[in-house]
Amino acid sequence: MRSLVLLEDSRHLLSADDEGVIRQWRWADGMEVGEGIRVSGGLITAITLSDDGNWILSAGWQVANVLSRKSPTGFTVNEHTDWVDTVHVSPDSTRFATGGNDKKVFIWDISTGKQLVGPLEHDDRVRTVKFSPTGDRIATSSKCLRVYNANNGDLLQTISSSNIPYTCSNLIAWSGVHNVFTLTSQNTLAHVHIVVQQSQAGRGAEQQTDALRTELRVPSLHFDQLRKTTIQVDDRLQVQVIPPRILDGTYYIKNNTGDLYLTCSQAAPGSVFMQKLDQSNVHQRWAVSLLGDGIYKITTRKGNQDIPLTTGNANVLVSPDLEYTTWTIEPRGDAYVIGNASDATAIHRAQDHTVSVLLRNNTPNQRWVFERVAD
């Protein structure tokens, strides 16, 4: 997961991941809402939401994707020749800008995908593009900070490395029309104050350039010097922690593709298979306990002994002779993926009523429903 966006209702999040899928999550319990949307460009490097809430934009390999939240329509722009690392929407939600590893910036019409400005050439990878609050300027960061006229692409100011001694990061924030903040390497926050004079009609290009000279101040705030203050602030923070998605307890575990439940075999001790629910069968009951950091232990009961759910020879087993496997229980809509916490595999319903462990693929055969057993 590489990027998160909080939706306007403050109850849902959008996430972007290496699978090229945008997913929506409910903040209160961490559950996924609906099915994810796969977009062009493979791995998603960034997502953003327009201020009016109507558009979702994502960036990836050579492309930026624009999705409408009011209709099933969408489109892709593909003028970049390398990874698109950053995307931002103008405050009036009519344009968007992209920048990337090909050292270029473009500005586009958000309704049609028509190219309005660009390419704006840079000397290095473009890490961030950010419209000003009025939308008439755009700031970009690479080895230096630049400010452009967002309507025609004219370069208004370059803050060179002589002013900012370190490469600008992917953080740019406008504070009003004339103030830009950027985080550089070496824990330095640089503040740029920009005053652009209005050009006069009839003046030549050279005179107009002179008129755009900028009064510049670049005071630097070094976070290393504020370490004690930062610690004092952190001590006062109250962080809301989302409780575990699966609470400790005993569950029936049903596959999402039918009415078959994980069952510990008695005929073939140690193996796990699928069968219809029999509430009198204690070997269909699984105790789930959180070990910490989203890692779970899953056991079943044999006599007076708790036997862990584990893996061996690529199969799912329960055995007191094997070291227990730790699992992640990841929400997928109204079901969960039970993944091996040590690798990229997950429990999978195979053919017939058998169970195996395969690479995670998010198919229905790897999704499970946890039904709590009444106390």
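Two strands count as paired here if DSSP finds at least two bridges between them. I start with that because the first residue pair I want to show is a bridge across two paired strands. Glu 330 stands opposite Val 337 in strand S29. Please keep in mind that this is a predicted model.

First, the overall picture. The protein has two helices and 32 strands. It has 375 residues, and 45% of them count as buried. About 19,300 Å² is exposed, with carbon and sulfur atoms supplying 47% of that area. Taking contacts between residues at least 6 apart in sequence, 42% join residues at least 24 apart.

Back to Glu 330 and its surroundings. Strand S28 covers residues 327-332, and strand S29 covers residues 335-340. The two run antiparallel and are joined over six bridges. They form a hairpin with two residues between the strands, and Gly 333 in the turn has a positive phi of about 65°.

How covered is S28? Six of its six residues are buried. Trp 327, Ile 329 and Pro 331 point one way from the strand, while Thr 328, Glu 330 and Arg 332 point the other way. Both sets are buried.

Which residue forms a salt bridge with Glu 330? The partner is Arg 360, and the closest N and O atoms are 2.7 Å apart. This pair links distant parts of the chain, 30 residues apart: Glu 330 belongs to S28, and Arg 360 sits in the loop between strands S31 and S32. Arg 360 is partly exposed, at a relative accessible area of 31%, whereas Glu 330 is buried.

The loop with Arg 360 follows S31, so let me turn to the partner of that strand. S31 pairs with S30 in the antiparallel sense, through five bridges. Thr 345 in S30 has Leu 359 in S31 as its bridge partner. Five residues lie between the strands of this hairpin, and Asp 352 takes a positive phi near 55°. S30, residues 345-349, is mostly covered, with five of its five residues buried.

Next, the nonpolar core. In soluble globular proteins, nonpolar side chains tend to be buried together. The largest nonpolar core in this model has 26 residues. Which residues have the most contacts inside it? They are Trp 286, Leu 309 and Phe 370. Leaving out residues up to four places away in sequence, Phe 370 touches Ile 246, Tyr 251, Tyr 252, Ile 253, Val 288, Ile 329, Tyr 336 and Ile 338. Of these, Ile 329 is one of the S28 residues that point the opposite way to Glu 330.

Now to another region, the open sheet of four strands. The order is S13-S14-S15-S16, and the pairing is antiparallel. S13 and S16 stand at the edges with a single partner strand each, so one side of each has no neighbour in the sheet. On average, neighbouring strands of this sheet are turned by 15° against each other, direction ignored. S13 and S14 are joined over four bridges, and Val 129 has Thr 140 in S14 as its bridge partner.

A salt bridge also reaches this sheet. Asp 123 pairs with Arg 146, with the closest N and O atoms 3.3 Å apart. Asp 123 lies in the loop between S12 and S13 and Arg 146 lies in S15, so the salt bridge ties together parts 23 residues apart in sequence. Are the two partners buried or exposed? Asp 123 is exposed, with a relative accessible area of 58%. Arg 146, at 10%, counts as buried.

Finally, the remaining salt bridges I want to mention. The count for the protein comes to nine. One of them joins the side chains of Asp 259 and Lys 254, at 3.9 Å from N to O. Asp 259 counts as partly exposed at 46% relative accessibility, and Lys 254 counts as buried at 17%. There is also a network in which salt bridges with shared partners join Asp 17, Glu 19, Arg 23 and Glu 32.

To go back to where I began: Glu 330 is opposite Val 337 across the strand pair, and Glu 330 also forms the salt bridge with Arg 360.

Notes
Residues numbered from 1 in each chain as written. Predicted model: local features only at pLDDT ≥ 70, side-chain atom pairs only at ≥ 80, totals over all residues. Heavy atoms only, no water. Buried < 20%, exposed > 50% of the residue type's maximum accessible area, 1.4 Å probe, protein only. Contact = heavy atoms within 4.5 Å. Areas by Shrake-Rupley, 256 points an atom, 1.4 Å probe, with all protein chains shown as cover. Salt bridge = Lys/Arg side-chain N within 4 Å of Asp/Glu carboxyl O. Axes fitted to C-alpha atoms, helices over the stretch in contact; angles between N-to-C directions. Core = buried A, V, L, I, M, F, W, Y, C linked by side-chain atoms within 4.5 Å.
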